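The exercises that follow ask for a reading of one structure, moving from single residues to helix packing and cores. Each task is followed by a solution that goes step by step.

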Amino acid sequence: MKIITHSLQETEQLGKDLAKKLQPSDIVLLYGDLGAGKTSFVKGIAQGFGVRSDITSPTFTLMNMHPTKHKKITTLVHIDTYRLQHENDLIEIGVRDYLGNNHTVTLIEWAGKNRQLA
Ligand SMILES: Nc1ncnc2c1ncn2[C@@H]1O[C@H](COP(=O)(O)OP(=O)(O)OP(=O)(O)O)[C@@H](O)[C@H]1O
Ligand SMILES: [Mg+2]
């Protein structure tokens, strides 16, 4: 299925709509160039989950965790692999504890940059 959005608002709304369909342990891989709207889409998903913390690209931190208001999916894990040098960097910061776990949904920007993650 292909959905084209024409504004920041539409992209966020699409994220919000997707949030309703996401299940515990789901992983969403986000592909697209700089400024394509990946973080905007994540913001929409976060809104859908009632996240109150600010969503910014975790370019330098690699991974941000956001508590949600959802009953089962308690944490939204936001990963940005743009500056990732080696997959071990993610493993070292504990990604395995969160990825695909029953209480999380994981969103990965620049998923295609690291073949192990894609
Ligand atoms: N249809 C659209 N959807 C989303 N953002 C749009 C759209 N049209 C224009 N924009 C603008 O493009 C920018 C997208 O920025 P965003 O941070 O979401 O991109 P990104 O893919 O996460 O970039 P990066 O690779 O740097 O992390 C925003 O400033 C937004 O206002
Ligand atoms: Mg981004």
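**Exercise 1.** Locate Pro67 among the secondary-structure elements, decide whether Pro67 is buried or exposed, and list what Pro67 touches beyond four places in sequence.

*Solution.* In this predicted model, Pro67 is part of strand β2. The relative accessibility of Pro67 is 56%, and since the cut-off for exposed is over 50%, Pro67 counts as exposed. When residues up to four places away in sequence are not counted, Pro67 touches Val51, Ser53 and Thr74. As a check on distances, Pro67 and Arg96 lie 29 residues apart along the chain, and their C-alpha atoms are separated by 18 Å.

**Exercise 2.** Determine how many of the residues of α2 are buried, and state which elements these buried residues pack against.

*Solution.* The count comes first: of the 11 residues of α2, 8 are buried, so this helix is largely enclosed by the rest of the structure. The buried residues are Lys38, Thr39, Ser40, Phe41, Val42, Gly44, Ile45 and Ala46. Turning to their surroundings, the buried residues of α2 pack against α1, β1, β3 (75–80) and β4.

Ala46, a residue of helix α2, serves as a single case. Its relative accessible area is 2%, and because the cut-off for buried is under 20%, Ala46 is buried. Apart from its neighbours within four places in sequence, Ala46 is in contact with Val51, Ile55 and Leu76. The C-alpha atoms of Ala46 and Val77 are 10.0 Å apart in space, with their positions 31 residues apart in sequence.

**Exercise 3.** Describe how the axes of α1 and α2 are arranged, and identify the residues that make the contact.

*Solution.* Two packed helices are described by the angle between their axes and by the distance between those axes. Here the axes of α1 (residues 8–21) and α2 come within 6 Å, and they cross at roughly 45 degrees. That angle makes α1 oblique to α2, and the crossing of the two helices is right-handed.

The contact itself is made on the α1 side by Leu8, Thr11, Glu12, Leu14, Gly15, Lys16, Leu18 and Ala19, and on the α2 side by Ser40, Phe41, Lys43, Gly44, Ile45, Gln47 and Gly48. Sorted by class, the contact of α1 with α2 has 6 nonpolar, 6 polar and 3 charged residues.

Thr11, which has its place in helix α1, can be followed further. Thr11 is buried, with a relative accessible area of 14%, and, not counting residues up to four places away in sequence, Thr11 touches Thr5, Gly37, Ser40 and Phe41.

**Exercise 4.** What are the residues with the most contacts inside the largest nonpolar core, and which element gives the most to this core?

*Solution.* The largest nonpolar core has 15 residues, and those with the most contacts inside it are Ile45, Phe49, Leu76, Val105 and Leu107. At least two residues of this core are supplied by each of β1 (27–30), α2 (38–48) and β4 (104–109), and α2 gives the most, with 4 residues. A second, separate core of 9 residues includes Leu62, Met63, Val77 and Ala111.

To examine one member of the largest core, take Leu76: leaving aside its neighbours within four places in sequence, Leu76 is in contact with Ile45, Ala46, Phe49, Val51, Asn64, Met65, His66, Thr68, Val105 and Leu107.

**Exercise 5.** Assess the backbone angle phi at Ser25, at Leu62 and at Gly50, and compare the settings of the two loop residues Ser25 and Leu62.

*Solution.* The starting point is that most residues other than glycine have a negative phi. Ser25 is not a glycine, and yet its phi is positive, about 80 degrees. Likewise Leu62, a residue other than glycine, has a positive phi near 70 degrees. Gly50, which follows α2, has a positive phi as well, near 70 degrees.

As for the settings, Ser25 has its place in the loop between α1 and β1, whereas Leu62 lies in the loop between α2 and β2 (63–67). With 27% relative accessibility, Ser25 counts as partly exposed, whereas Leu62, with a relative accessible area of 11%, is buried.

Note on methods
Residues are numbered from 1 along each chain as its sequence is written. Chains are lettered from A and ligands numbered from 1 in the order in which they are written. This is a predicted model: local features need pLDDT of at least 70, side-chain atom pairs count only at pLDDT 80 or more; totals for chains, interfaces and linings use all residues. Side-chain values use heavy atoms; hydrogens and water are left out. A nonpolar core is a set of buried Ala, Val, Leu, Ile, Met, Phe, Trp, Tyr and Cys residues joined through side-chain atoms within 4.5 Å. Buried means under 20% relative accessible area, exposed over 50%, partly exposed in between (1.4 Å probe, protein chains only). Contact means heavy atoms within 4.5 Å. Axes are lines fitted to C-alpha atoms, for helices over the stretch in contact, and angles run from 0 to 180 degrees between N-to-C directions. Angles under 35 degrees count as roughly parallel, over 145 as roughly antiparallel, 65 to 115 as roughly perpendicular and the rest as oblique. A crossing is left-handed if the near helix is turned anticlockwise from the far one by less than a right angle, and right-handed if clockwise. Ala, Val, Leu, Ile, Met, Phe, Trp, Tyr, Cys and Pro count as nonpolar, Asp, Glu, Lys and Arg as charged, and the others, Gly among them, as polar.
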